Amino acid sequence: VLAELIEKFVSHLSESHLDCYFSTGNYEATGADVKNEGLSSVQQLGVEITVRYGKYLNLLKEHAENELCFVLMNCEKFLKQQRRTVVSSLYCLQEHYAGYDWFASSVFLMMSGDGEKTLTFLQQFSHLLVSAFLWLPRLHISVHLPITTVESGIHPVYFCSAHYIEMLLKAELPLVFSAFHLSGFTPSQICLQWITQCFWNYMDWSEICHYIAICIFLGPDYQIYMCISVFRHLQQDILKHTEA
């Protein structure tokens with residue numbers, strides 16, 4: 001039900017010029033062309049983990065691996081059309097996104113392993129502003145960012161979402177903020193980890209779905225509120241660890 005709801009919601013918004021923040025060219029998904037490109041070892045490991053998790057949740061059937069590879073390879077080709085050419089020795093500024101696409105994998109599981117449906121959703125979703133914050137590979141060395149931002153290698157999630165999380169944390173949960181300060185470890189570091197991984201390995205599947213849906217329905221600022229609420233939930237544990 002949730003998958004159908006976000007599908008209709010995103011489809012409706014992507015048809016409205018007022019809601020389309022990013023302009024993207026037309027892209028036709030191909031099965032034949034992408035098979036030659038292959039996936040990196042990191043992506044192959046990610047596919048294995050995703051398929052294993054999907055089967056554990058009874059969301060995926062046989063041949064799910066092929067469908068997921070089809071989605072990831074087409075996403076790579078689709079996003080490649082909107083990338084700048086940057087010459088840099090930084091590992092994070094190479095042509096391919098260095099990590100694994102956890103958001104696309106989450107959507108794939110939400111769509112019960114339907115590759116075509118997942119890809120259609122992601123293409124429509126890429127027009128919306130919230131895609132910049134939920135789908136990290138979306139803005140990897142993107143033409144939609146100023147060249148100075150691209151060359152810094154710092155993703156907007158870090159200097160937007162993570163920055164506001166620290167500001168709000170200081171005001172809302174001063175004891176947690178102080179605990180982080182004492183540890184020499186910043187809240188933005190752990191939040192970036194949560195956001196990049198779509199909270200995989202931190203939350204239950206239903207909560208991951210709610211996180212994605214809330215941010216899509218109510219706006220990207222709910223990503224910030226979600227992280228603050230997790231810190232509030234963990235406050236006693238954090239303080240206990242600080243004392244110890």
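This is a tutorial chat about reading a few features of a predicted model.

Me: Let's start big. Into which domains is the protein chain divided?

Reply: There are two in the assignment: domain 1 covers 1-17 + 39-128, and domain 2 covers 156-243. Their C-alpha centres sit 23 Å apart. The contact involves 18 residues on the domain 1 side and 13 residues on the domain 2 side.

Me: And the interior? Which residues touch the most other members of the largest nonpolar core?

Reply: General idea first: in soluble globular proteins, nonpolar side chains tend to be buried together. In this model the largest nonpolar core has 76 residues, and the ones touching the most other members are Phe 103, Phe 121, Leu 122, Phe 125, Leu 134, Ile 212 and Phe 231. Helix H3, residues 64-80, is the top contributor to this core with ten residues. Domain 1 and domain 2 each supply at least three residues to this core.

Me: Let me zoom in on one of those. What does Phe 103 touch, leaving out residues up to four places away in sequence?

Reply: With those sequence neighbours set aside, the list for Phe 103 is Leu 122, Phe 125, Leu 134, Trp 135, Cys 198 and Ile 212. Among them, Leu 122, Phe 125, Leu 134 and Ile 212 also turn up in the group with the most core contacts.

Me: Now helix packing. At what angle do H10 and H12 pack, and how far apart are their axes?

Reply: Two packed helices are described by the angle between their axes and the distance between the axes. For H10 (residues 187-196) and H12 (residues 221-243), that's an angle of about 115° and axes 11 Å apart. The H10 and H12 crossing is right-handed.

Me: Which residues of H10 and H12 meet?

Reply: From H10 you get Pro 187, Ile 190, Cys 191, Trp 194 and Ile 195; from H12, Gln 223, Cys 227, Val 230 and Phe 231. Sorted by type, the residues of this contact are eight nonpolar, one polar and no charged. Phe 231 is worth a second look, as it is also in the group that touches the most other core members.

Me: On to backbone torsions. Which sign of phi does Asn 58 have?

Reply: Most residues other than glycine have a negative phi, and most peptide bonds are trans. Asn 58 isn't a glycine, yet its phi is positive, about 60°. You'll find Asn 58 in the loop between helix H2 (41-56) and H3. Asn 58 counts as exposed because its relative accessibility is 69%.

Me: What phi does Ser 112 have, and where does Ser 112 sit?

Reply: Ser 112 has a positive phi too, about 55°, although it is not a glycine. The loop that holds Ser 112 runs between helix H4 (102-110) and helix H5 (115-125). With a relative accessible area of 45%, Ser 112 is classed as partly exposed. Asn 58 and Ser 112 are 54 residues apart along the chain, and their C-alpha atoms are separated by 8.9 Å.

Me: How should I read sequence distance against spatial distance? How far apart are Lys 77 and Tyr 56?

Reply: Take both numbers together. Lys 77 and Tyr 56 are 21 residues apart in sequence and 30 Å apart in space, C-alpha to C-alpha. Lys 77 belongs to helix H3. Now set that beside Tyr 164 and Ile 228, which are 64 residues apart in sequence and 9.9 Å apart in space. Tyr 164 is part of helix H8, residues 156-172.

Me: Why does Tyr 164 count as partly exposed?

Reply: Because its relative accessibility is 44%, and partly exposed spans the range between 20% and 50%. Lys 77, at 22%, is therefore partly exposed as well.

Me: Last one: what does Tyr 53 touch beyond its sequence neighbours?

Reply: Tyr 53, in helix H2, touches Leu 109, Trp 200, Asp 204, Trp 205 and Ile 208, not counting residues up to four places away. For Leu 109, the C-alpha distance from Tyr 53 is 9.0 Å, across 56 residues of sequence.

Methods: Residues are numbered from 1 along each chain as its sequence is written. This is a predicted model: local features need pLDDT of at least 70, side-chain atom pairs count only at pLDDT 80 or more; totals for chains, interfaces and linings use all residues. Side-chain values use heavy atoms; hydrogens and water are left out. Axes are lines fitted to C-alpha atoms, for helices over the stretch in contact, and angles run from 0 to 180 degrees between N-to-C directions. Helices (H or I, at least four residues) and strands (E, at least two) are DSSP runs, numbered from the N terminus. A crossing is left-handed if the near helix is turned anticlockwise from the far one by less than a right angle, and right-handed if clockwise. Contact means heavy atoms within 4.5 Å. Ala, Val, Leu, Ile, Met, Phe, Trp, Tyr, Cys and Pro count as nonpolar, Asp, Glu, Lys and Arg as charged, and the others, Gly among them, as polar. A nonpolar core is a set of buried Ala, Val, Leu, Ile, Met, Phe, Trp, Tyr and Cys residues joined through side-chain atoms within 4.5 Å. Buried means under 20% relative accessible area, exposed over 50%, partly exposed in between (1.4 Å probe, protein chains only). Domain bounds come from an automatic or database domain assignment.
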